[in-house]
Amino acid sequence: MSTIAIIVAAGRGKRAATTQSAPPKQFALLAGKPLLSHTIDALERHRAIDRILVAIHPGDASHYAGCAASGQAKLLAPVAGGATRQASVRAALESLVRDPPDIVLIHDAARPFVDSALITRVMDGLAVADASLPGIPVSDTLKRVEGRGAVLDTLSRTALWRAQTPQAARFRDALAAHRAAAAAGLEEFTDDAALLQWHGLTVHMVEGSEANVKITTADDLARSDMALRAAAREETRTGQGFDVHRFTKGDHVWLCGVRIPHTHALDGHSDADVALHALTDALLGAIGDGDIGQHFPPSDERWRGAPSQLFLTDAAQRVARRGGRIVNVDVTLLCEAPRIGPHRVEMATRIAEILALTADRVGVKATTTERLGFTGRREGIAAMAIATIVLPDNR
Ligand code: MG
């Protein structure tokens with residue numbers, strides 16, 4: 001059974017905006033991370049979800065890039081949504097026709113607090129019906145009120161539930177129902193369960209969660225932000241790395257992923273990029289996960305001549321898998337030659353690209369050692385690095 005979770009994130013979400021120029025609410029920051037990233041991560045954690053597809057507004061591509069930058073393994077390339085929620089879901093379903101899953105879960109981007117137990121209950125609901133959704137029985141007394149506030153009457157709340165997402169169905173049913181609704185000119189269903197039911201499918205309600213709120217207003221955003229920050233309990237870690245490679249015959253060296261013409265090359269099993277090696281060790285050090293030699297032993301033929309960005313990318317992925325993010329990195333090269341200054345910006349840019357960091361989070365510096373020691377005698381190059389990361393505090 002393969003399952004794809006579709007996240008509907010194409011809305012303009014202006015009700016939660018604090019200013020006109022603010023991004024749509026699904027990209028607003030919650031505890032320092034875009035709301036949509038929280039939602040993606042929540043779905044990513046569920047074992048039965050194989051892939052995640054996000055429908056976005058075409059104008060939001062740059063906002064979206066910030067949500068998809070932390071190496072979520074299940075995330076597919078986004079699909080362009082439509083003018084309505086329903087049109088966005090249909091666009092996502094149509095994009096999956098060539099490689100369809102068995103089950104689809106359709107989820108609102110604005111519900112970042114969905115938990116795995118709830119997702120499991122929704123999926124289990126498909127055992128008894130064509131479609132399944134979570135909900136909460138209404139506990140407040142319901143009043144019907146006219147425009148100026150006069151109460152007309154009190155409604156029975158018996159059998160009334162508030163619908164949530166994710167909502168689940170078999171892919172072929174969901175696709176057929178959405179195609180039929182579009183063909184009939186019905187474009188305003190506010191959830192997929194209603195559309196599927198209209199198409200004649202049976203729908204089953206399972207227990208939702210009060211925590212699975214839909215963030216709608218600026219107030220909702222602020223409240224969730226405070227709650228998340230209180231619960232986040234992040235800890236800051238640092239790691240350092242140091243590496244040396246000796247000069248050998250050659251006409252260029254690799255430093256920080258940049259090829260620099262030189263009178264010598266650096267000797268090493270890989271491309272001998274001493275700076276990226278030190279930086280890789282700094283990241284590994286920050287998460288207590290061994291060192292570069294342990295993960296990429298020089299005895300392994302696979303790494304002969306390998307570009308060292310492979311090692312750095314691997315270390316960054318190890319940080320990401322722990323739920324961490326890199327705050328900043330700083331590299332110092334020690335050598336008399338080649339001159340680093342002319343290449344510094346390119347080096348920092350290269351590291352920023354590899355680690356998906358902004359430029360101000362990457363330092364590259366160089367110094368000579370006043371002709372003292374092995375670097376002073378031009379026998380090789382040394383590099384030092386330090387990395388700062390934040391990790392969820394699981395103590
Ligand atoms: Mg090395």
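**Helix crossings, a buried face and some unusual loops**

Let me begin with a pair of helices, α8 (274-286) and α11 (344-355), whose crossing is right-handed, meaning that the near helix is turned clockwise from the far one by less than a right angle. Helices here are DSSP runs of H or I with at least four residues, strands are runs of E with at least two, and both are numbered from the N terminus. This is a predicted model, in which local features need pLDDT of at least 70 and side-chain atom pairs count only at pLDDT 80 or more, while totals for chains, interfaces and linings use all residues. Residues are numbered from 1 along each chain as its sequence is written, and side-chain values use heavy atoms, with hydrogens and water left out.

Coming back to the pair, the axes of α8 and α11 come within 13 Å and cross at roughly 40°, where axes are lines fitted to C-alpha atoms over the stretch in contact and angles run from 0 to 180 degrees between N-to-C directions. The two helices are therefore oblique to each other, a word for angles outside the ranges under 35, 65 to 115 and over 145 degrees. On the α8 side, Leu 276, Leu 279 and Leu 283 meet Ile 351, Ile 354 and Leu 355 of α11, and such a contact means heavy atoms within 4.5 Å.

A second pair is formed by α3 (85-95) and α5 (171-183), which pack at an angle of about 130° with their axes 10 Å apart. Their crossing is left-handed, and among the residues that make the contact are Val 89, Arg 90 and Leu 93 of α3, together with Phe 171, Leu 175 and His 178 of α5.

Phe 171 also leads us to Asp 102, since, leaving aside neighbours within four places in sequence, Asp 102 is in contact with Met 1, Ser 2, Ala 169, Arg 170 and Phe 171. Asp 102 lies in the loop between α3 and β6 (103-108), and a polar atom of its side chain lies 2.7 Å from the backbone nitrogen of Ser 2. By contrast, the C-alpha atoms of Asp 102 and Asp 140, 38 residues apart along the chain, are separated by 38 Å.

Which residues of helix α4 are buried? In α4 (residues 116-124), Leu 118, Ile 119, Val 122 and Met 123 are buried, that is, under 20% relative accessible area, where over 50% would be exposed and anything between partly exposed (1.4 Å probe, protein chains only). These buried residues pack against several elements, including β1 (3-9), α1 (35-44) and β7 (131-137). At the start of α4, a side-chain oxygen of Asp 115 reaches to within 3.0 Å of the backbone nitrogen of Ala 117.

Finally, some backbone details, with one reminder: most residues other than glycine have a negative phi, and most peptide bonds are trans. Ala 31 has a positive phi of about 50° and sits in the loop between β2 (29-30) and β3 (33-34), while Ala 272 has a positive phi of about 60° and is placed in the loop between β16 (264-266) and α8. Are these two alanines buried or partly exposed? Ala 31 is partly exposed at 21%, whereas Ala 272 is buried at 0%.

A cis peptide bond joins Thr 165 and Pro 166, with omega about 10°, and Pro 166 lies in the loop between β10 (161-163) and β11 (167-170). Another cis bond joins Ala 337 and Pro 338, with omega about 0°, and Pro 338 is found in the loop between β17 (325-334) and α11, the helix that I mentioned at the start.

Definitions and conventions:
Polar contact = N/O pair within 3.5 Å; in protein donor to acceptor, adjacent residues only side chain to side chain.
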